[in-house]
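Subject: Structure for your review

Dear colleague,

Please find below the structure I am handing over to you, followed by an account of what was found in it. I would be grateful if you would read the notes with the model open.

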Amino acid sequence: MNRNLFAWLYLLVLAADLAALVLQRPVAAAFAKALLMPLLLAYFLACAGGTRSRLLLPVTVALVCSWAGDLLLIFEDRNPVFFLAGLAAFLLAQLAYIRVLAAILRQQGLRLRGIWIIPVLVYYVVLMWWLDPHLADLRWPVRVYGLVITTMLMLALHLLRPGWTQPAGRVLAAGAALFVSSDSLLALNKFVQAWPVAPLLIMLTYGLAEYGLTRGAIQYICRQSAPAPAADLTQ
């Protein structure tokens, strides 16, 4: 089977999910959403599962936890506990992505720099200041989750450093930025002010974020696992 088939199926189901949101078909949207992470995991394993990379496990954990979060948040309107459980699942997913990004930075000898730390920290502080009056009992869970996901973004942005030219870095950074955008929109829509187009934007940015992080991980793992070119013995 063509490994890219899973990627195309993922994007097709994501488009179906977005269409269901536009058409206000919540059951169809929930069904499509439940299929996304299994398809993305199948794509990841089809492309990188044959390698011996130590990143296989944390990426797999991130996608499985994201799937659990998706399923739990489908039922958040029925009971607030589903929101907290979904938040916890995505917290574990973000920790797994942090492990992936930290490992890449370590393997490539890339050190942390204030040029990326400071803007992300400012974004976190401003977002929490905006959300804080509306959070009530969820203040600390949201603060902790926000700190973790912005840490993930900060690490991913370090892969944009000049001189480190792997395309995987740009894809991972884009995925991380989209993830933070999606969760920021979700928080503002849920706690501050709801607006009709928000669910569509949240799902679009989330779907592309997970795809970007997975695609970037595949690119990095496959490049690192590729055999080195044979030396030219004729010279």
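Which residues of α5 are buried? In this model, which is a predicted one, they are Val120, Tyr124, Leu127, Met128 and Leu131. Helix α5 covers residues 114-131, a run of 18 residues. From its first C-alpha to its last the helix reaches 25 Å, close to the 26 Å expected at 1.5 Å a residue. Viewed down the axis of α5, the buried residues fall within an arc of 95 degrees, so they line one face of the helix. The general geometry is familiar: an α-helix has 3.6 residues a turn, so residues three or four places apart point the same way. On the other side of α5, Ile115, Ile118 and Trp129 are exposed. The cover over the buried residues of α5 includes α6 (139-157) and α7 (167-192).

Aromatic residues

How many aromatic pairs does the structure hold? There are eight. One of them joins phenylalanine 90 and phenylalanine 179 in an edge-to-face arrangement, at 6.4 Å centre to centre and with 75 degrees between the planes. This pair links distant parts of the chain, since phenylalanine 90 belongs to helix α4 (residues 80-108) and phenylalanine 179 to helix α7, 89 residues apart. Phenylalanine 90 counts as buried because its relative accessibility is 8%, and phenylalanine 179 counts as buried at 0%. Phenylalanine 179 also forms an edge-to-face pair with tyrosine 97, at 6.5 Å centre to centre and 65 degrees between the planes. Tyrosine 97 lies in helix α4 and phenylalanine 179 in helix α7, so this pair ties together parts that are 82 residues apart in sequence. Tyrosine 97 is buried, as is phenylalanine 179. Ring pairs link Phe90, Tyr97, Phe179 and Tyr206 into a cluster.

Glutamine 94 is a further residue of helix α4. At 0% relative accessibility, glutamine 94 counts as buried. Leaving aside residues up to four places away in sequence, glutamine 94 touches Tyr145, Val148, Ile149, Met152 and Phe179.

Lysine 190 calls for attention to two rings. The charged end of lysine 190 sits over the ring of phenylalanine 83, 4.6 Å from its centre. Lysine 190 also lies over the face of phenylalanine 191, at 5.9 Å from the ring centre.

A buried leucine in α2

Is leucine 36 buried or exposed? With a relative accessibility of 0%, leucine 36 counts as buried. Its place is in helix α2 (residues 26-48). Leucine 36 touches Tyr10, Val13, Leu14, Asp17 and Met203, when residues up to four places away in sequence are not counted. The C-alpha atoms of leucine 36 and leucine 63 are separated by 9.8 Å, and these two residues are 27 residues apart along the chain.

Cysteines

Why does the count of disulfides come to zero? A disulfide requires a pair of cysteine sulfur atoms within 2.5 Å. The sulfur of cysteine 47 has its closest cysteine sulfur in cysteine 222, at 6.3 Å, which is too far for a bond. The same separation holds from the other side: for the sulfur of cysteine 222, the closest cysteine sulfur is that of cysteine 47, at 6.3 Å. The count therefore comes to zero disulfides, the sulfurs of cysteine 47 and cysteine 222 being too far apart for a bond. As for their surroundings, cysteine 47 counts as buried at 10% relative accessibility, whereas cysteine 222 counts as partly exposed at 29%.

Backbone points in the loops

Two residues that are not glycines have a positive phi. Glutamine 24 has a positive phi of about 60 degrees although it is not a glycine. Glutamine 24 is found in the loop between α1 (4-22) and α2, and with a relative accessible area of 66% glutamine 24 is exposed. Alanine 136, likewise not a glycine, has a positive phi of about 55 degrees. Alanine 136 lies in the loop between α5 and α6.

With kind regards

Note on methods. Residues numbered from 1 in each chain as written. Predicted model: local features only at pLDDT ≥ 70, side-chain atom pairs only at ≥ 80, totals over all residues. Heavy atoms only, no water. Buried < 20%, exposed > 50% of the residue type's maximum accessible area, 1.4 Å probe, protein only. Helix = DSSP H or I, 4+ residues; strand = E, 2+ residues; numbered from the N terminus. Expected span 1.5 Å × (residues − 1). Arc of directions from axis to C-beta. Contact = heavy atoms within 4.5 Å. Phe/Tyr/Trp six-rings, centres within 6.5 Å; stacked < 30°, edge-to-face > 60°. Lys NZ or Arg CZ within 6 Å of the ring centre and 35° of its normal.
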